[in-house]
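Work through the exercises below with the model open. Each task is followed by its solution.

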Amino acid sequence: MRTISHFVNGQTLEGQSGRFGDVFNPNTGEVQARVALASAAELDAAVQLAAAAQVGWAATNPQRRARVMFEFKRLIERDMNALAEILSSEHGKVIADSKGDIQRGLEVIEFACGIPHVLKGDYTEGAGPGIDVYSMRQPLGVCAGITPFNFPAMIPMWMFGISIAVGNSFILKPSEKDPTVPVKLAELMMEAGLPAGVLNVVHGDKTAVDAILTHPLIRAVSFVGSSDIASYVYQTGTAHGKRVQAMGGAKNHGIVLPDADLDQVVKDLSGAAFGSAGERCMALPVVVPVGRKTGDELRERMVAEIETLKVGISTDAAAHYGPVVSAAHRAKIADYIRIGVEEGAELVVDGREFSLQGFENGFFIGPSLFDGVKKGMKTYQEEIFGPVLQIVRAESFEEALSLPSEHQYGNGVAIFTRNGRAAREFASRVNVGMVGINVPIPVPVAYHTFGGWKRSAFGDTNQHGVEGVKFYTKVKTITARWPEGEHEGDAFVIPTMK
Ligand code: NAD
């Protein structure tokens, strides 16, 4: 069986711990490879090499660092099809969606190509008599990223793209469920001219994560995954003196006002709720129609739309979505559907019995639709992360606004309306980090910044854009004077600008 090894100091490095994780093909349900799981000692060895490599990389001028990013972009575009195929075979998302995963990461690399401009500091000439003040952003040293299974290309690139461009070295600990593409990305970075040791991929589970969170040489940790782990990573990492940003789970709402274009809404909702089998942190698993008529109409059209959906293997170009990532995750989704029924929600479409002919052992689950979902229900409060859409009816704009605002998660939200004033007020008042107006999945472009609120993110700095640059750098401010002649003033009094 194929073994997926670590990639450290520019080389494939076999695991020494004797521990491995299974990597499935979700289409067939078979184990297709095993991935090495690192020990703390293996993690430490990688960090030492990364620390040594960082010194020279930080001294490399920013334009040269950017050139590596330009070349990396070209190589990813060259290998796009092959990368998408690997990604789909381990994750289960359809090929077009895998290309989207890679493309959204690549857009952060494009941002990183402009790093010399972004890193320019501020300068004030003549802040006092003969005094100039300037600031510079310097890299932190070794940084680390811990990533989830659902975007094995995009999220690693969010992190290492910026971190490396600003002059850090990086340890990537990708999800052990779909670890091959992250290794390919590191290999392509080497081919693009990155010096050995600047980007390292160390596979693992909690043992490797804990070793990252407590390692004295790792200065900053970026995490994306579920909220309980995100909270743990934030607490543990900050307790060990690290800068930590930890993005968590989500339960994004789509608010549908009575004046919305329902044809468009149904198409948008279908893609946003069921695309990638609902395994997106910016999916829209909750729809909130305002008013009875809107709710009834939406439900009817949604049922018809769901009938047109095709669930298939990830290489089926006609499939809307493929299998979920694991048998355990499929069972968890089915369990949430059972609980939803027990809680008293109306199961309008039940996807649990779906089975794909010829792929009966694959991790497939059909689309499900609930109506009559209420605020207090467990299935409303928690993230299901599967192809399940829940209708939560609201009677007024205020009630619709309060639902996402009061929810424990605050990643994304969307409002569908033709009323600009209502949309503007909603965007201003809603207690959520990313808002779409007639945009179902409002993942911000790379030069803006990604991050939710409440239990969707721990820490203050977002992913990518200028916020990402701030996360991976520290600012130094220099106050300079070149005196002429005699010493002036009282050296014992705090200097002020009169
Ligand atoms: P996960 O939390 O299970 O795993 C994320 C990472 O944490 C993996 O690298 C994993 O190896 C590691 N990990 C798992 N258990 C651990 C433990 N006990 N201690 C330490 N580390 C551990 O998440 P997942 O299932 O891979 O991804 C899905 C989740 O990620 C969903 O909740 C989704 O909403 C969230 N997500 C959030 C965002 C965002 O930006 N907010 C983006 C994508 C995914």
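**Exercise 1.** List the buried residues of H6 and find what covers them.

Step 1. Take buried as under 20% relative accessible area, exposed as over 50%, and partly exposed as in between (1.4 Å probe, protein chains only). Helices (H or I, at least four residues) and strands (E, at least two) are DSSP runs, numbered from the N terminus. The model is predicted: local features need pLDDT of at least 70, side-chain atom pairs count only at pLDDT 80 or more, and totals for chains, interfaces and linings use all residues. Residues are numbered from 1 along each chain as its sequence is written, and side-chain values use heavy atoms, with hydrogens and water left out.

Step 2. Read off the buried set: Thr-180, Val-181, Pro-182, Val-183, Leu-185, Ala-186, Leu-188 and Met-189.

Step 3. Look for contacts (heavy atoms within 4.5 Å). The cover includes strands E1 (2–4), E2 (6–8), E9 (169–173) and E10 (199–201). It also includes helices H2 (62–91) and H5 (154–165).

**Exercise 2.** Check the length of H6 against its expected span.

Step 1. The expected span is 1.5 Å times one less than the number of residues.

Step 2. H6 has twelve residues (180–191), so it should span 16 Å. Its end C-alpha atoms are 17 Å apart, which agrees.

Step 3. Now look just after H6: Gly-193 has a positive phi of about 110°.

**Exercise 3.** Find the polar contacts of the ligand with Thr-147, Gly-225 and Glu-383.

Step 1. Collect residues with a heavy atom within 4 Å of the ligand. There are 28 around it, and Thr-147, Lys-173, Glu-176, Ser-226 and Glu-383 come nearest.

Step 2. Apply the polar cut-off: N or O atoms within 3.5 Å. A polar side-chain atom of Glu-383 is 2.6 Å from a ligand oxygen. Polar backbone atoms also reach ligand oxygens, at 2.8 Å for Thr-147 and at 3.2 Å for Gly-225.

Step 3. Add the area: alone, the ligand exposes 850 Å², and the protein buries 88% of that (Shrake-Rupley method, 1.4 Å probe).

**Exercise 4.** Why does Cys-113 form no bond with Cys-143?

Step 1. A disulfide is a pair of cysteine sulfur atoms within 2.5 Å.

Step 2. The closest cysteine sulfur to that of Cys-113 is in Cys-143, 19 Å away, which is too far for a bond. The search of the whole structure finds zero disulfides.

Step 3. Check accessibility: Cys-113 is buried, at 10% relative accessible area.

Note on methods:
A polar contact is a pair of N or O atoms within 3.5 Å; within protein, one must be able to donate a hydrogen and the other to accept it, and residues adjacent in sequence count only if both atoms are side-chain atoms.
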